[in-house]
Every structure is written in structure tokens, then in C-alpha cells.
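Here's a quick briefing to read alongside the coordinates. Have the viewer open and click along as you go.

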Amino acid sequence: MAHHHTHRAGVPSVTSLHYDLSGPATAPPLILGPSVGTSLAVWEPQLPALARTHRVLRWDLPGHGGSPAALLPSDGSATIDQLAALVLRLADDQGWERFAYAGISLGGAVGLYLAAHHPDRVGRLSVLCSSARFGEPSSWRERARLVREEGTEAMVASRTGVWFSRETAATPRGRALLADLRATDRAGYAACCDVLADYDMRAALPSVTAPTLVVAGREDPATPPAHAREIADAVPGASLLEIAGAGHLAGVERPEAVTSALLSHLADAARPNPAHAARPDQTGAAQPDLTDAPQPNQTNAPRPDLTDASQPDLADAARPNPAHAAQPGDDVFRHAAGMAVRRAVLGDAHVDRAVARTTPFTARFQDFITRYAWGEIWTGDGLDRRTRSCITLTALIAHGHDAELAMHVRAALTNGLTREEIGEVLLQSAIYCGVPAANSAFATAQRVFDEIDAEGPAATPPRTDAEHPTHTPPQANPQHPTHTPPQTNPQHPTHTPPQANPQHPTHTPGEVDTASHSDTDK
């Protein structure tokens, strides 16, 4: 598909929210809502992928980013319906009668309100790190008072450890988000606190009919996973995903996992939600998507979520969902399949570093190389991975790409080649690529072998099964068509990528390595 990408910022006024438009003008509409204290920039990690297939509208809360604080009352009377009405006005201005919606925290609360009270407008809903009720009203009234008196600087220090880890806070994106918080108008921030104090959607959740994805960060102290489970239990047919290693801004801390989940949920838009085809309160039959606790008119069967402690983070297994994700051949499927092979060949640590270094400038290229090189070529059935490694090594030697050659020497070992077989490939290349090129290649390979030996046995990649060279996604339970990452050792519920040698940064397809030069490999 052609990669149209248009971008336009809305002109703020005293009567409308500031917004930004991205993606093809004729694509299906998607509205993205932010969290308190952030701007529309909080969605930058997901924007390139979402804007390839959707007309994306991101908006700023009152007093945040470019939106005027006066859009909400400052006397403590601001409510969620007032904020939702401002968002509906944006949709009306675009001529969108129906749209998909995704929101973080307060932005997610707006989505729940719209889906419950304006079900004809919301076609699909994603609720990230949000709640049906954000704690006791008194705590929000107190925060509103504090910010009105001292400004948003009073909140900055406490956001590290809540929004994200100290490591994420030290990144350019983390620093930018904290700067957005400092720049937020105190009256606008306080008014949003008033909204949260008054907000309680618990009784309305069963009326949500839009297919709903609920995402929680396991390390989120602001809206812990229990808040997400409450939403998923009450919204008919909702899917639940918990992401390991993610705080309140899960899309910033674990962007790959959140992006993959959103793409899969949005790609399923053409399919009806089975939970709404025959509601148990209408037919007496059990819902296909059951909760893990007894509810009226439901049986006590497991809900098809991803909260099993034995499962790894989705970022470790961004694979196509065979039951309800994208169909083979489309971009979403290729991206998910490509990411799975990329991790299998290059290793989680390497890919995690590449993803962490992704910027808005490099994000589209990361997406492209994942879909194209890894999602179309490396996933093909025509050659096994051992053969593909031999070809890749030869091509890199021929063009003198020593940095990527080092990476693919490691990958070749992972794909089942022995050191002796790699040596044979290098000898063969001396004939057809030239002795000087092969000489450099032998030096590079020897350095990699020495590094592996120094790292110890744990760094030696296991030999793959040559009879099964390509990745096969895990099969989903047909009764529960939701994302199902592969099972891990239940004694070790979360994935810990192996540590890379910091003295020798490596390159990933599409990775821009700030420690050295920019390389891409095919």
C-alpha cells in the first residue's frame, strides 16, 4: 500500500480543543486522547504505524499543549460529559459520524463515556491505563488545590516512577513529556483533576457495545491492573492485555507492545463482536467472552485475557494473532510476523535496543524495514534460515558492511550455522567478492567469536531445527480469539532480554545507532 502521510494541526480557539491530523484524508478516522499532564505528543510512538491506515486526530486536554484552559470551568464543577462534548465537536467538525477511539488515562475515560452515552459514534474502543473510577474524589480535589496554588511543577518530581521508570524519564521522549507537564496551565490541569474527582463510570460499563481493548501496565501505580480488569469484566466482550515493565504511560515505556495491540484491535474492525451477537441477558446463553469472576447471566469461565502470570510481555512476542488479528498478506500481519522473525534471528536484546532508540524521525523506516525485510523476505517458505544467513553474509561481505556483518554472524549461529560453516561462506566469498573483502570479514567474524567466548556459554545461541526454519505463530484457543503470546516457564513470568556487550553496539534493520553510523540491512 502507498504510504500516504498527511499532517495538519488544528487552529485552537476559545471554543475548541487543539488537535493534530495525520494520515490519509480518506482513511478510517481514529481519535487519540491523552493523559492528564501530557500533550498529544504522548502518542508519538504509535503515530507512524496508526497513521498508515487511519486518519488520526490527536487532541490536547484543556490547558495542555495548545488547548485553552478556559474550555473547562475553573470553579471545581468540570465533568467528564463536558470534556466528551469537546471531543465530539472535533469529530463533528471533521464530518465524522463514526470513528474508532483510543485514550490513555483521562483520555481513556472520555472514550468509555462516549462509548456508553454515544454508542452510535464509537465504532471501536481502546482504553489504556485507565479506570472506571480513579480513586477517592477527595484526593483529586486536593491535587487540584495544590496545582492551583503551586503550579504543575509541584507534580513533576512524582511522575517519574508513575508515568515511567527513571531510565525512560532520562530519554529524550521522557524529558519532553516532563517538559510538557511543566508547561501545562495550572487552571487547565486542576480542572482535569475536578473531572476525575466527579468521574464514575462503573454502572455504565455494561452498556458499552463497541468492541473494546483494555490495556494495563503491570508497573502502573496510578491505575493498577485491577482497574483494567474491572473494566474488562464489565464491558461485554472486552479483551484485556497486561504489559510487563510498563508504568502509567505504557505506550511510551513499551511502545512496541502497545502499537502491536492497537494495530491488531483496529485491524479486526470489519468483524462483528461475537459478544454482542447474542447477549446473555437477551438469549440466556453464555457469552463467548466470559469473565474470570461470576457475573449476572454469565458462567464462571476464564476470560480470554493476557493476564496469566506465565505469559511474557507482548513486546517479546509481537506476533500475528491467527484468530482475530490481521489477515495474511496485509501490512499489520506482515509487521507482526516480521517482528517475530526479527526477534528470533537477532535476539530480544538487540531488537529492544533498536525499538528504544526509535524517534519520530526514524519510526516510519523502522516500520518499513520490519514489514518488508523481515515480514516479507525472511518469513518466506522458499529458503530455510540457514540458507538465508549464508546469502546475507555474502551480500554484506561484498558491500563491505562490516558492522552489520558482525550482527549477522551472530544471527547465523542462531540460525544453526556452525563456526566452521561460517568460515566456508567467508572462503567462498573470497573467490567472488575479493580477497580483501574476505580478509576483513574473517577479522570481523573472529572478533564476534571472541566476544561470544568471553560472554560465556549463556551467550552461545542454540542451534535451530533446520527442518523447521521459519517461524510459526502459536495457535490461539478458538474459543478465545485474543492475543496469546507463547508460554514461558511459569517460574519466570516476565521476559528478561539477554544483556548485550555495551562496548560493541550492533545494528538492526532500520536502526539508527547513535553510538556510531547509520546502517540498514536487508
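What follows is a short tour, from the overall picture down to a few single residues.

This is a predicted model, so keep the confidence values in view while you browse. Mean pLDDT for the protein is 78, with 73% of its residues at 70 or more. The secondary structure adds up to 20 helices and eight strands.

**Overall picture**
- Of the 522 residues in the protein, 54% are buried.
- If you take the contacts with a separation of 6 or more, 75% of them link residues 24 or more positions apart.
- Two stretches call for care: pLDDT stays under 50 over residues 270–326, and again over residues 460–522.
- Those stretches still have contacts beyond four places in sequence in the model: 144 for residues 270–326 and 148 for residues 460–522.

**Strand S6 and its partners**
- Six of the seven residues of S6 are buried, leaving the strand mostly covered.
- On one side, strand S5 (residues 99–104) pairs with S6 in the parallel sense, over six bridges.
- Getting from S5 to S6, the chain passes through H3, and this β-α-β crossover is right-handed.
- S6 also pairs with S7, again in the parallel sense, here over four bridges.
- Leu-128 is a handy residue to click on: it is the bridge partner of Ile-104, and it stands opposite Val-215 in S7.

**Helix H9**
- Which residues of helix H9 (residues 225–234) are buried? They are Pro-225, Ala-228, Ile-231, Ala-232 and Asp-233.
- An α-helix has 3.6 residues a turn, so residues three or four places apart point the same way.
- The cover over the buried residues of H9 includes helix H3 (106–117) and the strands S6 (122–128), S7 (212–217) and S8 (239–243).

**Thr-184, in a loop**
- Look for Thr-184 in the loop between helix H7 (172–183) and helix H8 (186–198).
- Is Thr-184 buried or exposed? Its relative accessibility is 6%, so it counts as buried, the cut-off being under 20%.
- A polar atom of the Thr-184 side chain lies 2.8 Å from the backbone oxygen of Asp-180.
- Setting aside residues up to four places away in sequence, Thr-184 touches Gly-37, Gly-63, His-64, Thr-152 and Tyr-189.

**Leu-393, in helix H17**
- Leu-393 sits in helix H17 (residues 385–399).
- With a relative accessible area of 0%, Leu-393 is buried.
- Beyond its neighbours within four places in sequence, Leu-393 is in contact with Leu-405, His-408, Val-409, Ala-412, Leu-417, Ile-422 and Val-425.
- One of these partners, Ile-422, is 29 residues away along the chain from Leu-393, and their C-alpha atoms are 8.5 Å apart.

**Cysteines**
- How many disulfides are there? With a cut-off of 2.5 Å between cysteine sulfur atoms, the count is zero.
- Why does Cys-192 have no bond to another cysteine? The closest cysteine sulfur, in Cys-193, is 7.2 Å from the sulfur of Cys-192, which is too far.
- Cys-192 also counts as buried, at 0% relative accessibility.
- Cys-129 is buried as well, with a relative accessible area of 2%.

How values were computed:
Residues are numbered from 1 along each chain as its sequence is written. This is a predicted model: local features need pLDDT of at least 70, side-chain atom pairs count only at pLDDT 80 or more; totals for chains, interfaces and linings use all residues. Side-chain values use heavy atoms; hydrogens and water are left out. Helices (H or I, at least four residues) and strands (E, at least two) are DSSP runs, numbered from the N terminus. Buried means under 20% relative accessible area, exposed over 50%, partly exposed in between (1.4 Å probe, protein chains only). Contact means heavy atoms within 4.5 Å. A polar contact is a pair of N or O atoms within 3.5 Å; within protein, one must be able to donate a hydrogen and the other to accept it, and residues adjacent in sequence count only if both atoms are side-chain atoms. Two strands pair if DSSP finds at least two bridges between them. A crossover is right-handed if, with the strands pointing away from the viewer, the path from the first strand over the helix to the second runs clockwise. pLDDT is the predictor's confidence in each residue, from 0 to 100.
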